[in-house]
Structure formats: C-alpha cells, structure tokens
Amino acid sequence: MFRMRPSFLRWFSTLGLCLFVLSCALPKPNPLLEGPKIEGFEQVSPLTVYNRINLFDYMNGEAEAYLPFGFHLLYVSLYGSEKTDSRMVVEIYDMSTPEGAAGILKEYSREEGSSVPGIGTAAWADKGLVLFTQGNHFARIFPDSSPENEVRPTMQEMLDLARELAPLF
C-alpha cells in the first residue's frame, strides 16, 4: 500500500488552506449600492437594479441594444440638485468590459452633440442628455420627466453631476 510522508501531508494541507482562504476574499465594495454622497446633489429615490432578465421591464425596445456589448447590470436612481431642486435620472450600466462601455457610447453618440472633456474616460452631451464611460461602466444622465419634477435641470447641472459620479466607479 501507498504511504504518504508527513512533510507531503503538511505541504498539501497548507496549499489547500491557502486556496480556501483566497477563494473567500471579500467582494469589491460597490459605492452605488451604498448610496454615495455627492456634493451639490442628493439621491431622491431608491436605487433600482436591473439584470439581463428584467432589463426589458425598464426599457422594453431599447434593451436589445445593450446585450451585444456585454450588459451585466443597470443601476437607476433619481438625483436632485440642492441649488434648484431639479431632478435627474441617473442610469449606470455595468457593461462587463471597458470595450463594451465604449461600444454603447459610440452607438448613442452618433447623433448631434459633442464630446465633453474631463468626465470619465469619454463623455458626450446633447441638449438634454449627458453620456460618459468610466472603466466597465456606461452612464446616462437626463431630466426626470415625471410630474413631480417642476424644475428642469440645466446642462451645467447634468455635467456637474456626471463629474461627481465618474470617479466613484
């Protein structure tokens, strides 16, 4: 019969313990789930998270555009400006890779509008919309269209919110 030496057993058990500890590493904290404090803005709605299965509940016809680019999760919340009480919808898409985020930005920025320096990896703005990428994430910021939003945000407010959000992820 085969007999193992004690030194081999110690080495093997140490290796097993190391692999177990490494597999139990804590996940990277997600500032979006923690309700980030953003200077000049306040989160005015709960954060809603969508995945590949329920994305169509949020954006029926448009959801299919995101899937080929590696869509993973969507975080949606409303933010209000502390100065004017205007409200903005913030959509942050985890696209799995920087290439996926850049690909969806390219799809949206084919229309009129212009590139905006100094926000995330790349940013683009049009009359009522700010888009930017940062790492694996693609973000859209636009005015809240609900009747509760009595004050429409300015483009400067949307750009300021984008500048504050981009470093968080």
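**Exercise 1. Determine whether Arg163 is buried, partly exposed or exposed, and describe the salt bridge that its side chain forms**.

Step 1. In this predicted model, Arg163 has a relative accessible area of 35%. Because the partly exposed class lies between the 20% limit for buried residues and the 50% limit for exposed ones, Arg163 is assigned to the partly exposed class.

Step 2. The side chain of Arg163 meets that of Asp160 in a salt bridge, with a distance of 3.6 Å from N to O. The acidic partner, Asp160, is likewise partly exposed, at a relative accessible area of 28%.

Step 3. Arg163 and Asp160 both belong to helix H5 (residues 155-165), and because they are three residues apart in that helix, about one helical turn separates them.

**Exercise 2. Work out which residues are linked with Arg140 in a network of salt bridges, and where in the chain they are placed**.

Step 1. The structure holds five salt bridges, and one of them joins Arg140 to Glu62, with the closest N and O atoms 2.9 Å apart. This pair links distant parts of the chain, since Arg140 is in strand E8 (residues 137-143), whereas Glu62 is in the loop between helix H2 (55-58) and helix H3 (63-66), 78 residues apart.

Step 2. Arg140 also meets the side chain of Glu91 in a salt bridge, at 2.6 Å from N to O. Here too the pair links distant parts of the chain, with Arg140 in strand E8 and Glu91 in strand E4, 49 residues apart.

Step 3. Taken together, Glu62, Glu91 and Arg140 are linked in a network of salt bridges. As to their surroundings, Arg140 counts as buried at 9% relative accessibility, and Glu91 counts as buried at 1%, while Glu62 is partly exposed, with a relative accessible area of 30%.

**Exercise 3. Identify the buried residues of helix H4 and name elements that cover them**.

Step 1. Helix H4 spans residues 98-108, and its buried residues include Gly100, Ala101, Gly103, Ile104, Leu105 and Tyr108.

Step 2. The cover over the buried residues of H4 includes helix H3, together with strand E6 (122-126), strand E7 (129-134) and strand E8. Strand E8 also contains Arg140, the residue that pairs with Glu62.

**Exercise 4. Find which residues gather in a patch of negative charge on the surface, and place Glu82 within the chain**.

Step 1. The patch of negative charge on the surface is formed by Glu39, Glu42, Glu82 and Glu164.

Step 2. Glu82 is located in the loop between strand E3 (73-81) and strand E4 (87-94). With a relative accessible area of 53%, Glu82 is exposed, because the exposed class begins over 50%.

**Exercise 5. Describe the protein chain as a whole, beginning with its helices and strands**.

Step 1. The protein chain has five helices and eight strands, which follow one another along the sequence in the pattern α-β-β-α-α-β-β-α-β-β-β-β-α.

Step 2. Of the 169 residues in the protein chain, 39% are buried. The accessible surface comes to about 10600 Å², and carbon and sulfur atoms account for 58% of it.

Step 3. When contacts between residues at least 6 apart in sequence are considered, 61% of them join residues at least 24 apart.

Conventions: Residues numbered from 1 in each chain as written. Predicted model: local features only at pLDDT ≥ 70, side-chain atom pairs only at ≥ 80, totals over all residues. Heavy atoms only, no water. Helix = DSSP H or I, 4+ residues; strand = E, 2+ residues; numbered from the N terminus. Buried < 20%, exposed > 50% of the residue type's maximum accessible area, 1.4 Å probe, protein only. Contact = heavy atoms within 4.5 Å. Areas by Shrake-Rupley, 256 points an atom, 1.4 Å probe, with all protein chains shown as cover. Patch = residues over 30% accessible without salt bridge, like charges linked within 9 Å, V, L, I, M, F, W, Y side chains within 5 Å. Salt bridge = Lys/Arg side-chain N within 4 Å of Asp/Glu carboxyl O. Lys, Arg positive; Asp, Glu negative; His and termini not counted. Charge placed at Lys NZ, Arg CZ, Asp CG, Glu CD.
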